[in-house]
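Here is a short report on one protein model. Look at the sequence and the structure first, then read on.

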Amino acid sequence: MMEVKKKDIRALTKAQLRNFFIKQGDKAFRGNQVYEWLWQKSAHSFEDMTNISLDTREMLKAHFVINHIKVDQMQRSADGTIKNAVRLHDDLIVESVLIPTPNRTTACVSSQVGCSLDCRFCATARLKRMRNLNPDEIYDQVVAIDNESRLYFNRPLSNIVFMGMGEPLMNYNNVLKAIDKITSPEGLGMSPKRIVVSTSGVPKMIKKLADDEVKFKLAVSLHSALDEVRTSIMPFNATFPLKDLREALQYWYAKTKNRITYEYVVWEGINDKRKDVDALVAFCKFAPSKVNLIEYNPIDDGEFQQADNKALDMYINILEANNITVTVRRSRGKDIDAACGQLANKT
Ligand code: SAH
């Protein structure tokens, strides 16, 4: 007999779930109860729903599945960073990272299995993009890290960055739905100000974010403000050149009044010259922004090398002289391949 494909119950909104119960001749209120089990209590199975009658649970089981993620493997770095290898219902794997600092716990989550972009310095780019993550697969990664934060650091998760595998703006709807859940009182109730979505820069989608009046923060992986250089390290820049990116970012700022963060790695022989800094300074003047200089995390063949401190100091001095805020971010979790750009399902 062919098995009927059951629907993932967590793809239903609360209203749809209430409706489902009405159609079953039950009370709409039952929908609220089940919804609470699914989202506030993170139930992994219908058996967990102890205030729902056995008959109802059996009925639910006949109609639906709960496609919960499973943390397959957890690795801990010497610096406290934790990396989760997360198994999805179809046995694909993504990675997410918990980054502890003295007063924060940050979750770095994935938005896609693999990535369709081709940044030459990023390990995830070498994995083919298999599929987008569903909203609940993104949400579950956050819940798993929140639980780990409470268990190992005695405090809840405080921040989220979409800097794991994948390009969040190429999975726009699901990422926004996940953030809705994360920020809603029925989910984790987190402030959107504590969430950063990092993008390689998809102009059309940046404008859409502004139109949708999102309240989270935006980071752009710039790495060069010169088209020729950027295209050589991020080939999709040929399709989305800096002129279009710049225009989208100006639109973003005009609508949201939210300043943009540019992520930037300085590599030897690639973007370590005075002309590179000057181009960055000019780019930063288009819209209020700050620069986050990030450490390069080598990913095998040694084609790319972090520039020396002299080049970094040049960047810092010139940016500061132009009143542009610049921060320098040290890598975390390098010993377990959990740092930016190292997520590649090695285990
Ligand atoms: N696709 C999104 C989010 C994932 S990458 C984006 O491009 O922003 C998260 C950050 O890690 C980006 O700023 C990216 O440029 C950076 N990154 C990628 N590979 C890296 C590496 N090997 N070392 C340091 N940072 C890297």
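The lining of the largest pocket divides into 13 nonpolar, 8 polar and 11 charged residues. This comes from a predicted model. In total, 32 residues line the largest pocket. R104, V161, M163, N292 and R329 lie nearest its centre. The volume of the largest pocket is about 900 Å³.

Which strands each supply at least two residues of the lining of the largest pocket? They are strand 5 (93-101), strand 6 (104-108), strand 9 (159-162), strand 11 (217-221), strand 12 (260-264), strand 13 (289-294) and strand 14 (325-329).

**Second pocket and cavity**

The second largest pocket holds about 300 Å³ of space. Its lining has 14 residues. Nearest its centre lie R10, A11, P135, K177 and K181. Helix 2 (28-39), helix 4 and helix 5 (172-183) each supply at least two of the lining residues. Helix 5 gives the most, with 4 residues.

Now turn to closed spaces. The model has 1 cavity of 30 Å³ or more. The largest cavity has a volume of about 480 Å³. It is lined by 30 residues, and F121, C122, M163, S221 and G341 are the closest to its centre. M163 is thus named twice: it lies nearest the centre of the largest pocket, along with four others, and it is among the closest to the centre of the largest cavity.

The table sets out the three spaces by the classes of their lining residues.

| Space | Nonpolar | Polar | Charged |
|---|---|---|---|
| Largest pocket | 13 residues | 8 residues | 11 residues |
| Second largest pocket | 7 residues | 2 residues | 5 residues |
| Largest cavity | 17 residues | 10 residues | 3 residues |

**Two helices side by side**

Next, a pair of helices. Helix 6 (residues 203-211) packs against helix 8 (residues 242-256) at an angle of about 5°. Their axes are 8 Å apart. Is the pair roughly parallel or roughly antiparallel? Angles under 35 degrees count as roughly parallel, so helix 6 is roughly parallel to helix 8.

Which residues make the contact? Helix 6 brings P203, I206, K207, L209, A210 and D211. Helix 8 brings D244, L245, E247, A248, L249, Y251, W252, K255 and T256. By class, this contact has 9 nonpolar, 1 polar and 5 charged residues.

**A buried aspartate**

D136 sits in helix 4 (residues 135-153). Is D136 buried or exposed? Its relative accessible area is 4%. Buried means under 20%, so D136 is buried. Set aside its neighbours within four places in sequence, and D136 is in contact with D8, R10, W39 and N67. R10 has come up before: it is one of the residues nearest the centre of the second largest pocket.

**Residues brought together**

T50 lies in the loop between helix 2 and helix 3 (54-63). Its relative accessibility is 60%. Exposed means over 50%, so T50 counts as exposed. Not counting residues up to four places away in sequence, T50 touches W37 and R57. T50 and W37 are 13 residues apart in sequence. In space they are 9.4 Å apart, C-alpha to C-alpha.

I99 has its place in strand 5. Along the sequence, I99 and I82 are 17 residues apart. C-alpha to C-alpha, they are 6.8 Å apart in space. Leaving out residues up to four places away in sequence, I99 touches T81, R104, T105, T106, C108 and R332. R104 also belongs to the residues that lie nearest the centre of the largest pocket.

**Two asparagines with positive phi**

Where are these two residues found? N154 lies in the loop between helix 4 and strand 9. N323 is in the loop between helix 10 (309-321) and strand 14.

Phi of N154 is near 55°. Phi of N323 is near 60°. Each value is positive, in a residue other than glycine.

Are they buried or exposed? N154 has a relative accessibility of 70% and counts as exposed. N323 is exposed too, with a relative accessible area of 72%.

Key. Residues are numbered from 1 along each chain as its sequence is written. This is a predicted model: local features need pLDDT of at least 70, side-chain atom pairs count only at pLDDT 80 or more; totals for chains, interfaces and linings use all residues. Side-chain values use heavy atoms; hydrogens and water are left out. On a 1 Å grid over the protein atoms alone, a cavity is a set of points where a 1.4 Å probe fits but cannot get out, and a pocket is an open set with protein on both sides within 12 Å along at least five of seven lines; lining residues have an atom within 4 Å of a point. Grid points are joined across faces, edges and corners, and a volume is the space filled by probe spheres set on the points. Ala, Val, Leu, Ile, Met, Phe, Trp, Tyr, Cys and Pro count as nonpolar, Asp, Glu, Lys and Arg as charged, and the others, Gly among them, as polar. Axes are lines fitted to C-alpha atoms, for helices over the stretch in contact, and angles run from 0 to 180 degrees between N-to-C directions. Angles under 35 degrees count as roughly parallel, over 145 as roughly antiparallel, 65 to 115 as roughly perpendicular and the rest as oblique. Contact means heavy atoms within 4.5 Å. Buried means under 20% relative accessible area, exposed over 50%, partly exposed in between (1.4 Å probe, protein chains only).
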